[in-house]
Amino acid sequence: MSSPISPPDDALIPAVKALRAAQPTLGASKLNALLLKEHPAWTVSEKRLKKILQSEGLTLTSGAPPTNGKSNKPVTSTQSKYPASKLNPHLDIPAFTDKVEAVFISEQKGKGLVAKAHISQGEILWREDPFVHAPEWEIYDMQQTGAACQQCALPFLPTLPTLAVACPAMNHGCNAMFCSRLCLNRAQQAGHALLCRGRNPPSKDLLDFARKEPWRAVLALVMAVAKIMTAWERSESEGREMLDIWGTFATLDQETRSKTLPEWEFIQERHRALWNMAYDHFITALHPPESDKAGQARIRKLVKRPMPEDMRQELFSYNGFLQGLGRVSLNLDSHGGLFLLHSHMNHDCAPNMAVKQIAGGQAQQYPSSRIALVANKAIEPGEELTVTYVNPEWPYRRRKQALKDWGVECNCERCEKEKYEEPEPEPEKTIVEDGNGNDLERELRMSFGF
Ligand SMILES: [Zn+2]
Ligand SMILES: [Zn+2]
Ligand SMILES: [Zn+2]
């Protein structure tokens, strides 16, 4: 008889989910006994099972568990002030680097990355392309006129590359250009048709709204939703997988996030009006209501496969929309990329990792939306990999205030030290540095992914 095997996560997690769905009230040790009874060839420690229950939001203490085993909604208790995050069973980390692993760190921090081997200072650990990329507006504007690649954001300077191709819907009003057929294919896989002015004209109003505000989180959100819809059209399993991946980005919904603002009381009306406007455009463009027969027919041409109710709720309900906005705002990097592995890293004010943007200019072979993750210092096995979410040159209180937007209460060594060195400021000066209302407004908007 062969000895018991330790199942890989992608076999174990679905089995645990199914079991939890059937046994919503069993404790971890009984659940483990049952699991091993069902899978006699496996060996799984209770500790590992507990880790999975925790990372998948299936513990008894975490509120209502997703008991149907299908809906992989992140466990976002709206009361929680910490972002909810979970490990992504579809993410093949060794394909990026074999020196790190993802672990669930704590309720406060969620998941994180930990070194598995010695990492030297200056080492490039991995390079990563974004899940979606909402480029800087300057580049976005170039994309609108065909002066930069719609897919990888590479500017066509000084001239159009010889392999460049136009969107097939060029004659129907789409100006998108692509570096090559490869970028065109990738864009089509990622849902360009849904955001193409030629094939889905109302998407123009949605994108123009995002541009006018200007509000990059809306841009990134609609790109993510178009990507999931297009994966669903390819196959049910691809669609589910993409939705799962989307659900594993740390999430704090827009409303919960907003309420942490000291000024919320005074600006909430305006913000809510903006959310409503964005939502109207979003629905008109991507999920027209029953009353809009022409709109529904237009979308059905692009996504024929009917979408189940749970998926529609998650993507198109108003709550799903706000949650998506909050998720995007929380994870969007400063250049507008939403990165699967990079987004696992937690904040530290003296981080051991740095993100290097690979410049578009020198990038004949690299797309400019690609990033490289570089070690700032030597990192030993077991140490957590960290990046900074805010400008590390800011003093303690300013960092602390800015980090609230990420649901982060930093207790790093540097904060512990600087906390006592900085005098307590006047309360109203914690954000309004120069007393200029416009600057305050601008800062608040920036912090919400505008
Ligand atoms: Zn390209
Ligand atoms: Zn197009
Ligand atoms: Zn800190």
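Start with the hairpin: select S1 and S2, and you'll see the two strands joined through three residues. Bear in mind as you click around that this is a predicted model. S1 covers residues 100-106, and S2 covers residues 110-115. The two run antiparallel, with six bridges between them. To see one of those pairings, pick Glu101 and look across to S2, where its bridge partner is Val114.

Keep Val114 selected and add S11, residues 384-387. What stands opposite Val114 in S11? That's Glu384. Next to try is Leu113, whose bridge partner in S11 is Leu385. S2 and S11 are antiparallel too, joined by two bridges.

Now bring in S8 and view the whole sheet. It is an open one of four strands, ordered S1-S2-S11-S8, and its pairing is mixed. Which strands stand at the edges? They are S1 and S8 (346-347); each has a single partner strand, so one side of each has no neighbour in the sheet. As background, strands of a sheet pair through backbone hydrogen bonds, either parallel or antiparallel.

Next stop, another sheet. Select S3, S10 and S9, in that order: these three strands make an open sheet with antiparallel pairing. S3 (124-128) and S9 (353-357) are the edge strands, and each of them pairs on one side only. Turn the view to look across the strands and you can follow the twist, which averages 25° from one strand to the next. For a closer look, select S9 with S10 (residues 371-375): five bridges link them in the antiparallel sense. Click Met353, then find its bridge partner in S10, Ala375.

Time for some helices. Select H2 (residues 28-38) and H3 (residues 46-55), whose axes come within 10 Å and cross at roughly 110°. Angles of 65 to 115 degrees count as roughly perpendicular, so that is the label for H2 against H3. Show side chains where the helices meet: from H2, pick Ala28, Ser29, Leu31, Asn32 and Leu35; from H3, pick Glu46, Leu49, Lys50 and Leu53. Colour them by class and this contact comes out as five nonpolar, two polar and two charged residues.

Move on to H12, residues 309-316. Which of its residues are buried? Select Met311, Glu314 and Leu315. They span an arc of only 90° around the axis, so they sit on the same side of H12. The general rule to keep in mind is that an α-helix has 3.6 residues a turn, so residues three or four places apart point the same way. To see what the buried residues of H12 pack against, add H7 (216-234), H8 (236-248) and H13 (318-331).

Last stop: a single residue in a loop. Select Arg197, which lies between H5 (181-189) and H6 (203-212). Is Arg197 buried or exposed? It counts as buried, because it has 20 C-beta neighbours inside 10 Å, and 20 or more is the cut-off for that label. Leaving out residues up to four places away in sequence, Arg197 touches Gly173, Cys174, Ser203 and Lys204. Finish by drawing a C-alpha to C-alpha distance from Arg197 to Asn175: the two are 8.2 Å apart in space and 22 residues apart in sequence.

Methods:
Residues are numbered from 1 along each chain as its sequence is written. Chains are lettered from A and ligands numbered from 1 in the order in which they are written. This is a predicted model: local features need pLDDT of at least 70, side-chain atom pairs count only at pLDDT 80 or more; totals for chains, interfaces and linings use all residues. A residue is buried if 20 or more other C-beta atoms lie within 10 Å of its own, exposed if 12 or fewer, and partly exposed in between; C-beta atoms are placed from the backbone. Two residues are in contact if their C-beta atoms, placed from the backbone, lie within 7 Å. Two strands pair if DSSP finds at least two bridges between them. The arc is that of the directions from the helix axis to the C-beta atoms. Axes are lines fitted to C-alpha atoms, for helices over the stretch in contact, and angles run from 0 to 180 degrees between N-to-C directions. Angles under 35 degrees count as roughly parallel, over 145 as roughly antiparallel, 65 to 115 as roughly perpendicular and the rest as oblique. Ala, Val, Leu, Ile, Met, Phe, Trp, Tyr, Cys and Pro count as nonpolar, Asp, Glu, Lys and Arg as charged, and the others, Gly among them, as polar.
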